[in-house]
Amino acid sequence: MDKLEKLVKRFDCGEIRPVPWLDNMAFRKIEQIHMKVSQKPTGMALYVELPKFDFPVVFGEMEYVLPDPTVTLSQPNELGSQQSAALISAMNQPMQKDVNNTAVISNFQNPLPLVLDPDIVRDNIVEDKHRRLVRSHRNGPLDRDLKPDPKIRDELNQIMVYPPTQLLSAEEKDLVWKFRFYLTRDKRALTKFLKCVVWTDPTEVRQAIDLLPLWVDIDVDDALELLGKEFSNRSVRSYAVNQLRKADDDDLLLYLLQLVQALKFEHLIDKGPAAYNSSLLHFLIDRAINNEVLGNYLHWYLMVECSDKELGKMYGKVVYHYYSAILQKNVPNGRQRRETLRLQGEFVNHLNSISKDIRSMKGTRAQKRDKLRNILKDQKAMLPRALPLPLEPTKQICGIAAEKCSIFNSNLQPLKLTFVCDDGEEYQVIFKSGDDLRQDQLVIQIITLMDKLLRKENLDLRLTPYKVLATGNEQGMMQFIPSKSLAAVLNEYQNNILEFLRQAHPDTSANGVLGVESNVMETYLRSCAGYCVITYLLGVGDRHLDNLLLAPDGHLFHVDFGFILGHDPKPFPPPMKLCKEMIEAMGGADSAQYSQFRQHCYTAFSTLRRNANLILNLFALMVDANVPDIKLEPDKAVIKVKDKFRLDLSEEAAIQYFQGLIDESVNALFPQIMETVHKFAQYWRR
């Protein structure tokens, strides 16, 4: 039996060539011998089975946990050599196993063995020693008076224009550190400098913190970058918050959605004297108390985050701190404001319940509409008193025009509600239940920001950034803008958008353009250009003529942002939605209006490229916000937006690039085919 056991082990290790038909006979015979021997009374026996290896074990002391290749890939410049970076890149390629059970890269012409070094993510002691010598605190007095020569100054200027997503090499980090005192006069340099600091080195951290008060004031986009997950130092984050204090409430409202997300990176703790001692948290609460509109949106942004499975408890305590601050004695009408927020919550829950009941009800759309109107006639049950509308808190709603409410013909059957304001004005809202509006909310916020950036450059593209507010992870409301879809316009006016504008605002005088009032045509051209650029930059997908709306005054705008960042349910989408009917309404591709449209596109693209860092930093803060299309590939979301800006090109080259995008979109054939298919699908659905 001893001899047989040794032979079986040699067979298991592959030292004996297998012969299937003979192996079956041999193992059957071995089993018979084993049974025969085991029947003899030979006393106790102990069998120990040791682990088997496909290779000789030279030495073993501890089990290493191999690094995750996707983690190390994000810092290829810190690995010490180009070969290491190439290896890390290879580690992300599809792998297969060869006959010797060795992992190899399948996409290479010659298979490359994949050898994972367990020390690859650890500090290189040689590089660490070099860094300590280069950045010795003894050099501080000497570095204070250093000034770069022209060559080094050009290198530093090149580093300063890097986008937030670009990593600095070890040499670039040392260069920025060396001239840190010189760079304090450049507001762009602070974020680059702080990325050079090794935050595990107390000496460097102390020097970096001491340098913050000496730096020239930074812009808002850099302050937002310092509130991201990459910077966890309390002093740095407090410095960023102090810079944000200079922004007025209107500007702060543009970034409020991201600042609420930045609370995730504040490392708030539940207990102890430092519990929820966050400069960002106190800043948001202070500004929300002083401005009721800001406080309204802060409340709803926080309430949506309370439903998060991982951080909902933390946001719930933030809401508690906000409510406690409102009820302080020094806050005017604090209890009334707290009661208003509570009643708003009950009002939204009531609307959500009605929406679900109507959707689950059997019957025709007309029957459901009548049922809705009967429910809404009970004004006191819906609105016990006048309330600020959560979507637009400057509007004080005191009733509902039930006879003007309706239901949209779609799968989720959203409600169209008409509220009556205390000034007699009517405000129309779409309430959706069962749909996550956080992605639409983000896109509209970015469009609003872009509109303000363009207006600062005296470029009014007549955009329509309607209001959107998610009141939960599957409910929300949006402003209704009276308009018609391009599909309906083309169907009603024999494929002629121009005829729609002529009938709404005719002008046969010399001032008219193609029989349309000049102001209406100007609005149409500018809004087309604005949304072409913006939807391209945000990678908005699923563009068809039903989600492009046109108002009688010429405002064209997009709705339904269910696909962004390049995601699209249709194959081969064009860079932007620009169909031939839209161009024909401008007078054709050879008209002066079409040339004007293209010029607006180039100007808008160039202007937004100059503000790319702000937009990229806003998206970076939304990576963990559970926005559907960002959640699919959170590590690539900011990169996708950055690639759209083509920051690697000069301004002239970027304009030429965008010219090509317009021509590609106009001449794309496949989207026209898909539009026809979509039109037939909509017809049969009705």
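Here is a conversation about helix contacts, burial and cysteines in a predicted model.

Reader: Let's start with the cysteines. How do you know that Cys528 is in no disulfide?

Author: Happy to show you. A disulfide needs two cysteine sulfur atoms within 2.5 Å. The nearest cysteine sulfur to that of Cys528 belongs to Cys532 and is 6.3 Å away, so by that cut-off Cys528 is in no disulfide. The structure as a whole holds zero disulfides.

Reader: And what makes Cys528 count as buried?

Author: Buried means under 20% relative accessible area. Cys528 has 1% relative accessibility, so Cys528 counts as buried. Cys405 is buried too, with a relative accessible area of 0%.

Reader: Now to the helices. Why is H16 called roughly antiparallel to H17?

Author: The axes of H16 (residues 292–305) and H17 (residues 312–326) cross at roughly 155°. Angles over 145 degrees count as roughly antiparallel, and therefore H16 is roughly antiparallel to H17. The two axes come within 8 Å, and their crossing is left-handed.

Reader: Which residues make that contact between H16 and H17?

Author: From H16 come Gly295, Leu298, His299, Leu302, Met303 and Glu305. H17 brings Gly312, Tyr315, Val318, Val319, Tyr322 and Tyr323. By class, the contact of H16 with H17 has eight nonpolar, three polar and one charged residues.

Reader: What makes H18 roughly antiparallel to H19?

Author: Here again the angle decides. H18 (residues 334–360) and H19 (residues 365–376) have axes that cross at roughly 155°. With the cut-off at over 145 degrees, H18 is therefore roughly antiparallel to H19. The axes come within 10 Å, and the crossing of H18 and H19 is right-handed.

Reader: Which residues meet there, in H18 and H19?

Author: Ile354, Ile358 and Arg359 in H18 meet Lys368, Lys371, Leu372, Ile375 and Leu376 in H19. Those residues divide into five nonpolar, no polar and three charged.

Reader: Why are H21 and H26 called roughly perpendicular to each other?

Author: The axes of H21 (residues 438–456) and H26 cross at roughly 105°. Angles of 65 to 115 degrees count as roughly perpendicular, so H21 and H26 earn that description. Their axes come within 10 Å. In this contact, Met450, Leu453 and Leu454 in H21 meet Ala604, Thr607 and Leu608 in H26. The residues divide into five nonpolar, one polar and no charged.

Reader: Staying with H26, how do you know that Ser606 is buried?

Author: Ser606 is found in helix H26 (residues 592–610). The relative accessible area of Ser606 is 7%, under the 20% cut-off, so Ser606 is buried. Leaving aside its neighbours within four places in sequence, Ser606 is in contact with Glu651 and Ile655.

Reader: Let's finish in the loops. Why is Leu514 called partly exposed?

Author: Partly exposed covers the range between buried, under 20%, and exposed, over 50%. Leu514 has a relative accessible area of 32%, so Leu514 is partly exposed. Leu514 lies in the loop between helix H23 (497–504) and helix H24 (518–537). Leu514 also has a positive phi of about 60°, although it is not a glycine.

Reader: And is Asp542 buried or exposed?

Author: Buried: the relative accessibility of Asp542 is 13%, and the cut-off is under 20%, so Asp542 counts as buried. Asp542 lies in the loop between H24 and strand S11 (548–550). Asp542 is not a glycine, although its phi is positive, at about 55°.

Technical notes. Residues numbered from 1 in each chain as written. Predicted model: local features only at pLDDT ≥ 70, side-chain atom pairs only at ≥ 80, totals over all residues. Heavy atoms only, no water. Buried < 20%, exposed > 50% of the residue type's maximum accessible area, 1.4 Å probe, protein only. Axes fitted to C-alpha atoms, helices over the stretch in contact; angles between N-to-C directions. Helix = DSSP H or I, 4+ residues; strand = E, 2+ residues; numbered from the N terminus. Parallel < 35°, antiparallel > 145°, perpendicular 65-115°, else oblique. Left-handed = near helix turned anticlockwise from the far one by under 90°. Contact = heavy atoms within 4.5 Å. Nonpolar A, V, L, I, M, F, W, Y, C, P; charged D, E, K, R; others polar.
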